[in-house]
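Student: I have a structure open and do not know how to read it. Could we go through some features, one by one?

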Amino acid sequence: MTSQQEHGAGASPIGAVALAGIDRRSAMDAVRLRIGLAISLGLLKPGERLPDQQDVALGLSVSPITARRALASLAEQGVVVRRRGRGGGTFVADDPPRQVLAELAASPAESEAVNRLVDRRLLFECAVTHYAAVNVTAGQLDELERLTGEMAECTDWSAYHQADEQFHRLVALASGLGRAVDAYNETLAELYAYFIPYPIEALHASNRDHIALVKALRAGDVSGAIDVSRNHVDVLHKTMFTGLMGGAREY
């Protein structure tokens with residue numbers, strides 16, 4: 001959850017409006033908003049097939065029932081379309097109603113809360129990376145490397161996001177910081193609650209940071225590993241909700 005390369009998303013059709021108030025919405029409405037915002041920003045394209053319902057749930061860290069209800073609601077409003085039979089599934093509508101997408105946007109006030117979460121994660125990330133570079137085991141390094149390979153092979157945002165979360169949680173575990181790891185994981189989960197779908201090409205670019213981090217950890221390069229992690233997270237200030245108008249990244 002979380003650096004991938006920025007890509008030119010162009011001017012957002014919703015202007016400076018950012019995702020907001022997820023914690024004050026129902027889980028279903030939060031999923032509707034996250035998918036709607038991704039469509040508004042052009043991260044999900046007209047005609048693009050969404051992952052299967054179960055994978056949408058896993059990718060957005062919600063229950064399958066919540067994902068099903070959110071997709072059904074979006075289908076009723078014409079934001080997505082469902083097709084049966086061979087080659088069927090859920091697809092972004094060719095011309096999603098602009099009024100509905102505008103209603104799925106919310107006040108930019110939440111951007112400040114997101115920035116605070118990014119700052120908190122940045123502090124945690126540097127700390128766990130420092131100690132991971134000292135304490136990581138050979139087995140953990142091999143698993144981290146396996147996860148970078150898995151992310152490189154992912155073909156959709158849901159599968160990538162699941163592997164990405166496993167990667168960062170394992171780095172934290174490798175730090176050996178005990179109960180502090182729980183605090184890191186809580187912050188990571190809070191920030192991932194704001195994750196929205198991104199193009200897989202951008203996510204693959206993000207994976208370059210993961211590969212560089214594993215290389216630094218394997219070499220015991222504490223300073224180099226911290227630099228990779230700091231840059232990987234710090235860029236979220238520009239590329240999450242406050243910066244999505246000019247580009248997007250996933251962590």
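Tutor: Start with one pair of side chains. Glu150 and Arg146 form a salt bridge, with their closest N and O atoms 2.9 Å apart. Keep in mind throughout that this is a predicted model.

Student: Where do Glu150 and Arg146 lie?

Tutor: Both belong to helix 6, which covers residues 138-153. They are four residues apart, about one turn of the helix.

Student: Are Glu150 and Arg146 buried or exposed?

Tutor: The general idea is a scale with two cut-offs: under 20% relative accessible area is buried, over 50% is exposed, and partly exposed is in between. Glu150 has 29%, so it is partly exposed. Arg146 has 40% and therefore also counts as partly exposed.

Student: How many salt bridges does a search of the whole structure find?

Tutor: It finds ten. One of them joins the side chains of Arg121 and Glu125, at 2.8 Å from N to O. Those two residues lie in helix 5 (residues 110-135), again four residues apart, about one turn of the helix. Both Arg121 and Glu125 are buried, whereas Glu150 is partly exposed.

Student: Which residue does Arg49 meet in a salt bridge?

Tutor: Arg49 meets Asp52, and the N to O distance is 3.1 Å. Arg49 counts as partly exposed because its relative accessibility is 39%. Asp52, at 42%, is partly exposed as well.

Student: Which residues are linked in a network of salt bridges?

Tutor: Asp142, Glu145 and Arg218 are linked in this way. Asp142 and Glu145 are among the helix 6 residues that touch helix 9, and Arg218 is among the helix 9 residues on the other side of that contact.

Student: How do I read the way helix 6 and helix 9 pack?

Tutor: Look at the two axes, their approach and their angle. The axes of helix 6 and helix 9 (residues 200-218) come within 10 Å and cross at roughly 165 degrees. Angles over 145 degrees count as roughly antiparallel, so helix 6 is roughly antiparallel to helix 9. The crossing is left-handed. Besides the charged residues, helix 6 contributes Leu141, Leu144, Thr148, Met151 and Ala152 to the contact, while the helix 9 side includes His204, Asn207, Ile211 and Leu217.

Student: At roughly what angle do helix 7 and helix 9 cross?

Tutor: The angle is roughly 20 degrees, and the axes of helix 7 (residues 157-174) and helix 9 come within 11 Å. Angles under 35 degrees count as roughly parallel, so helix 7 is roughly parallel to helix 9. This crossing is left-handed too. From helix 7, the residues in contact include Trp157, Tyr160, Phe167 and His168, and they meet a group in helix 9 that includes Leu203, His204, Asn207 and Val214. His204 and Asn207 also appear in the contact with helix 6.

Student: How do I read a single residue, such as Asn185?

Tutor: Place the residue, then check its cover and its contacts. Asn185 is in helix 8 (residues 179-192). Its relative accessibility is 16%, so it counts as buried. Apart from neighbours within four places in sequence, Asn185 is in contact with Arg169 and Ala172.

Student: Where is Pro64, and which residues does it contact?

Tutor: Pro64 is in helix 3 (residues 64-76). At 34% relative accessibility it counts as partly exposed. Leaving aside neighbours within four places in sequence, its contacts are Gln53, Gln54 and Ala57. Pro64 and Gln53 are eleven residues apart in sequence, and their C-alpha atoms are 6.8 Å apart in space.

Student: What is the phi of Ser61?

Tutor: Its phi is positive, about 55 degrees, although Ser61 is not a glycine. Ser61 lies in the loop between helix 2 (53-59) and helix 3.

Student: How many helices and strands does the whole protein chain have?

Tutor: There are eleven helices and two strands. Along the sequence the pattern is α-α-α-β-β-α-α-α-α-α-α-α-α.

Student: What share of the protein chain is buried?

Tutor: Of its 251 residues, 52% are buried. The chain exposes about 11,000 Å², and carbon and sulfur atoms supply 52% of that area.

Terms used. Residues are numbered from 1 along each chain as its sequence is written. This is a predicted model: local features need pLDDT of at least 70, side-chain atom pairs count only at pLDDT 80 or more; totals for chains, interfaces and linings use all residues. Side-chain values use heavy atoms; hydrogens and water are left out. A salt bridge is a side-chain nitrogen of Lys or Arg within 4 Å of a carboxyl oxygen of Asp or Glu. Buried means under 20% relative accessible area, exposed over 50%, partly exposed in between (1.4 Å probe, protein chains only). Accessible areas come from the Shrake-Rupley method with a 1.4 Å probe; for residues, only the protein chains shown count as cover. Axes are lines fitted to C-alpha atoms, for helices over the stretch in contact, and angles run from 0 to 180 degrees between N-to-C directions. Angles under 35 degrees count as roughly parallel, over 145 as roughly antiparallel, 65 to 115 as roughly perpendicular and the rest as oblique. A crossing is left-handed if the near helix is turned anticlockwise from the far one by less than a right angle, and right-handed if clockwise. Contact means heavy atoms within 4.5 Å.
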